[in-house]
Amino acid sequence: MAMKIQEFEHVNYLWDDNVADQLDAVERLRYRSNILGADQRITNTGGGNTSSKIKMTDPLSGAEVDVLWVKGSGGDLRTSTRANFASLYMDKFLSLKNIYDKSDVRGVKTEIEDAMVDMYRHTTYGLNPAASSIDTPLHGLIAYRHVDHMHPISAIAIAASKDQEGLTQEVFGGEVGWVPWQRPGFDLGLVMRNTLKANPYLKGLIMGQHGLINWADDDKACYELTLALVERAAHYIEQHDKGEKTFSGQKYKSLDETTRNEILIKLLPVLRGKVSQSNRFIGTVHMTESVLQFVNSVDAPRLAEIGTSCPDHFLRTKIKPLYVDWNPQTESVGSLLEKLEAGLVKYRSDYASYYEACKHPNSPAMRDPNPTVILIPGLGLIAWGKNKSESRVTAEFYSLAIEVMRASEAISEYQGLPRQEAFDIEYWLLEEAKLKRMPPEKEFARNIVVVIGAGSGIGKATAHRVAKEGAHVVCADLSESTSQETADELVKIYGVGIGVAGTDISGCGPAIGLGVDITKRESIKSMLEKVVLAYGGVDNIIVTAGIFVSPDKNGYMPDEKWALTYAINVTGPYLVADEAKVIWQAQGLKTSLVITTSANGAVAKQGSVAYDTSKAAANHMVRELAIELSPLVRVNGLAPATVVEGSNMFPRDRVVSSLTKYNIAFDESETTESLRDKLAVFYAQRTLTKSPITLADQAEVAYLLSSSKFSKTTGQIISVDGGLHEAFLR
Ligand SMILES: [Zn+2]
């Protein structure tokens, strides 16, 4: 079976001795895992596991012991670090079989089988906190030093074919055995061990409806064997590829990019609203050539109904996707929306029937019955998940399932997992326990928050504040580069996630940076359209953008500056609300708008008539919009005063002129920040709380007003001014 590197056409050979030979044994396992996970044809994001049995020193006895290092529960091979691997004393792990054998009732799906998962913790080597996965016995019970269990498209294609056992023999000529589908666990480990004992020449096994497992006593040899087996299966499939006849040929044509995006912009918010009735979802659109070939095909409705096969895939894609039979060449968007509505009703009722038919007396309650994958001819695939990364993983998994179906239908006939087996995975009590152990979701989890003015000052601080609450943050600003900087900071803190799918802007992370000029309706519209394509909709909007133009020392302000002040401080937030209204109404989900006004809106004084009256207008606009947008959108105002810290409303010349005006001593050589601090201290002394007002103070209230903590408050202006009695509203 040995192959030379250049012979691999269907997988990437990534092993480099120069790298591997520098590493200790555990790091070599991490390295092998990372390079296996880096090729989606070998395994999916988060899927598969690897192990090495490594000789180590026992910290208590000092003796040399065998330790099983195996990818733990959760985690992802491509991005795994050492911390993602569990470590178990081999002798203690093997002794668990005595406990298993003592149980009168044992075998797949028995209580003792599930109970074994908790026992693994007793075998932990080196106080390693990584939790062992249900696949641990698949590694521990195979008597080879290194084991790879992958979910390769080509192997699942064989495993999900009607004639899977015969195909395994035909493709691998007896070097790889076959075991029928069985839910992973201790018993499957024993089945594999017995199969290997009876057929000691086997190098691996095709696992029915699931994937591939193979082994070797050398780690590099194990890696190369995995690649060779995947390559061989992929080569066999290629020989049988049906070309244009794939999926019985094409029934519809793909739409061009402009038309497609126009439709998606109308469609996504409506769809998001409909699938988010119990839980909000974040969307990902995925439209590769291969996905389009599937959704446009004759066989798509039949194959979609069969559902995905690999259990790892369908935990996210659900048992089946929603396919909508819409003709993109002859039918209107209106008819697509009608068909989607009818499709969703049918999908939910099918899901409820599946639950009722398969449930056990102790099954957890039925989960959200909405689809997570929606297939539309001409357009592609739309996936939904609790966050961006999850929805990208879901999109990836269905696109991998499409490749499995393509291959399986080329060599045989595609088969899904029996419904009851799918149910017993989806509603597995161990799976439920895992869900229950998850920390509660954050305030802005599942939310898309647009912060306009996020390039600096209060907007930037607010973007950081809402991101901390789990929001997907759209950082928008007149300056695209500063908004991108803020978005980059957020992605750096929170990570881009493990998902890899998503077309164009939809392949983004938890934050994006966009340019917008709020004095222009077209610019706002185009910004919001990008948000819809990126995440599927829009929830909260917080506008912090504003302008203060100082009149000259005679109090003169040119007419165009007066007009600009109103365009940015009043008309701008109005246009934002007016454009967002279209999306909010299409979505039909409760949300909020926060407009930043100013304490100056209530305090009359000299020298800032344009700014002050514009903020007074904005205050009243908050109240008007609260009425206009109810009951869907709460609208509130945040009225800061004299935040000079890091604010571009206080450039150096304004700070200097204020310091001069108030007779505060300063030196021209001082930095702008130091001059701002002096002014901030002076301003603080005029307030009731006597403390400088910071960006964080403003961001906190912008966040709170948007959050559910203020769910019964609308049409209000909250001052964050340290307490200025002149600004008290009456
Ligand atoms: Zn698996």
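Two strands are taken to pair if DSSP finds at least two bridges between them. The exercises below apply to a predicted model.

**Exercise 1. The open sheet**

Determine the strand order of the seven-stranded open sheet and identify which strands stand at its edges.

*Solution.*
Step 1. The order of the seven strands is E3-E2-E1-E4-E7-E6-E5, and the pairing is mixed.
Step 2. E3 and strand E5 (176-179) each have a single partner strand, so one side of each is left without a neighbour in the sheet. These two strands therefore stand at the edges.
Step 3. Direction ignored, neighbouring strands of this sheet are turned by 20° against each other on average.

**Exercise 2. Strands E6 and E7 and the helices across the sheet**

State in which sense E6 and E7 pair, and describe how helices H7 and H9 lie relative to the strands.

*Solution.*
Step 1. Strands of a sheet can pair in a parallel or an antiparallel manner, through backbone hydrogen bonds.
Step 2. Strand E6 (residues 204-207) and strand E7 (residues 211-216) are antiparallel, with four bridges. Gly 204 has Asn 214 in E7 as its bridge partner.
Step 3. Helix H7 (residues 164-172) lies across E5 and E6, and runs at about 170° to E5.
Step 4. Helix H9 (residues 219-239) lies across strand E4 (146-150), E5 and E7; relative to E7, helix H9 runs at about 145°.

**Exercise 3. Two aromatic pairs**

Classify the ring pairs Tyr 89–Tyr 125 and Phe 548–Tyr 611, and locate their residues in the chain.

*Solution.*
Step 1. The whole structure contains 22 aromatic pairs. In one of them, Tyr 89 and Tyr 125 have planes at 75° and centres 5.3 Å apart. Planes over 60 degrees apart count as edge-to-face, and this pair is edge-to-face.
Step 2. Tyr 89 belongs to strand E3 (residues 85-89), whereas Tyr 125 is in the loop between helix H4 (111-119) and helix H5 (136-140), so the pair ties together parts that are 36 residues apart in sequence.
Step 3. Tyr 89 is buried, at 9% relative accessibility, and Tyr 125 is buried at 10%.
Step 4. Phe 548 and Tyr 611 are also edge-to-face, at 4.9 Å centre to centre and 65° between the planes. Phe 548 is in the loop between strand E15 (541-543) and helix H21 (559-587), and Tyr 611 is in helix H22 (residues 609-628), 63 residues apart. Both Phe 548 and Tyr 611 are buried.

**Exercise 4. Charges over rings**

Identify the rings over which the charged ends of Arg 367 and Arg 446 sit.

*Solution.*
Step 1. For Arg 367, the ring is that of Tyr 427, with its centre 4.5 Å from the charged end.
Step 2. For Arg 446, the ring is that of Phe 281, at 5.5 Å from the centre.

Terms used
Residues are numbered from 1 along each chain as its sequence is written. This is a predicted model: local features need pLDDT of at least 70, side-chain atom pairs count only at pLDDT 80 or more; totals for chains, interfaces and linings use all residues. Side-chain values use heavy atoms; hydrogens and water are left out. Rings of Phe, Tyr and Trp (its six-membered ring) pair if their centres lie within 6.5 Å; planes under 30 degrees apart count as stacked, over 60 as edge-to-face and the rest as tilted. Buried means under 20% relative accessible area, exposed over 50%, partly exposed in between (1.4 Å probe, protein chains only). A charge sits over a ring if NZ of Lys or CZ of Arg is within 6 Å of the ring centre and within 35 degrees of the ring normal. Axes are lines fitted to C-alpha atoms, for helices over the stretch in contact, and angles run from 0 to 180 degrees between N-to-C directions. Contact means heavy atoms within 4.5 Å.
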